[in-house]
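Reader: Before I trust a list of contacts, I like to hear how each term is defined. Could you take me through this one?

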Amino acid sequence: MASEDTIIASPIQAGVIGWPVNHSLSPRLHGFWLKEYGISGSYEALEVHPDNCAEFLATLSQRGFSGVNVTVPHKQAAAAAVDVLDDNARRLGAVNTIVAQSDGTLFGSNTDGFGFLENLRAEAPGWTPGGGSAVVLGAGGAARAVVAAVLDAGAPEVLLVNRTREKADTLANEIGGAINVIGWDKRSAVLDGAALLVNTTTLGMVGKPPLDIDLSPLPLNAVVNDIVYAPLMTPLLQAAKRHGNPTVDGIGMLLHQARPGFRAWFGVEPTVTDALRAYVLAAVRQ
Ligand code: ATR
């Protein structure tokens with residue numbers, strides 16, 4: 001039995017909130033790291049209804065959590081619910097990582113752009129941000145993080161191509177900087193001179209139509225990154241390989257975006273390895 005002055009540290013608790021959340025790969029990913037580093041902690045999937053999101057976050061520390069990741073559809077609500085936002089999360093209007101600080105206040109950040117860039121740098125070391133325009137397909141939540149990240153990294157301009165033009169205009173106005181909105185019908189022509197092509201649309205995903213794009217105007221040294229990871233080798237990446245371009249698949253962004261949260265909650269800087277990648281991919285329907 002512990003003496004009165006013995007402090008028994010309870011295991012650190014973290015998780016991911018979403019609705020639904022059973023599709024999330026985050027428990028598998030953080031679970032791998034917890035085991036790898038021998039940390040006595042937990043990371044669980046937390047199904048939180050949108051009506052209960054604010055209340056859940058307001059009581060996060062009382063519930064014993066050191067923090068949580070936030071997934072669809074709570075990222076915007078989380079940005080409104082936390083006490084402090086970092087600059088990037090404020091700019092994106094969306095939070096994917098919350099850390100409960102020692103005084104009980106919640107710190108919200110968005111690590112999606114960090115994850116995107118870290119993966120791109122690791123998998124395509126030849127990409128020089130200043131080497132040409134970045135063409136981004138899509139204008140949803142993932143596109144916002146990608147556009148902001150490539151501009152911050154030094155891309156001279158982003159050519160933002162989306163089926164619904166108004167959504168791209170709104171994104172461009174809210175993020176600011178050198179973003180030119182291009183019509184969906186120009187998605188091939190705009191590749192001339194690009195250093196990077198990123199697909200953030202759902203096209204090419206399991207159960208969705210393939211992305212129909214002619215890569216012939218794309219310079220051969222341009223990096224093609226699809227953030228879709230089910231399947232890992234999307235029709236776009238297959239076409240890019242045939243065309244001769246370096247390619248980057250989508251699972252790495254997910255793995256790298258998780259690093260800052262894990263470090264903040266569990267106190268260990270985790271590493272993205274081939275073993276982690278294979279373990280997480282084993283749960284993805286290809
Ligand atoms: P996320 O937040 O994960 O990025 P999203 O907000 O659902 O996902 O965004 C999906 C993106 O895929 C959007 O850019 C969407 O285009 P619209 O803004 O026009 O809806 C794009 N998308 C989905 N289906 C498409 C299709 N058949 N053709 C072209 N773009 C499509």
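Reader: What makes a polar side-chain atom of asparagine 162 a polar contact of the ligand?

Author: A polar contact is a pair of N or O atoms within 3.5 Å. In this predicted model, that side-chain atom of asparagine 162 lies 2.7 Å from a ligand oxygen, so the pair qualifies. The backbone joins in too: a polar backbone atom of alanine 139 is 2.9 Å from a ligand oxygen, and one of alanine 142 is 3.2 Å from a ligand oxygen. The protein covers 69% of the 650 Å² of accessible area that the ligand has on its own (Shrake-Rupley method, 1.4 Å probe).

Reader: Which residues are closest among the 14 that surround the ligand?

Author: Those are Ala139, Gly141, Asn162, Arg163 and Thr164. To count, a residue needs a heavy atom within 4 Å of the ligand.

Reader: Why does Gly141 count as polar in that shell?

Author: Because the classes put Gly among the polar residues, with Asp, Glu, Lys and Arg as charged. The shell has 4 nonpolar, 8 polar and 2 charged residues.

Reader: Which cut-offs apply to the model?

Author: Local features need pLDDT of at least 70 and side-chain atom pairs 80 or more, while totals for chains, interfaces and linings use all residues. Residues are numbered from 1 along each chain, and side-chain values use heavy atoms, without hydrogens or water.

Definitions and conventions: A polar contact is a pair of N or O atoms within 3.5 Å; within protein, one must be able to donate a hydrogen and the other to accept it, and residues adjacent in sequence count only if both atoms are side-chain atoms.
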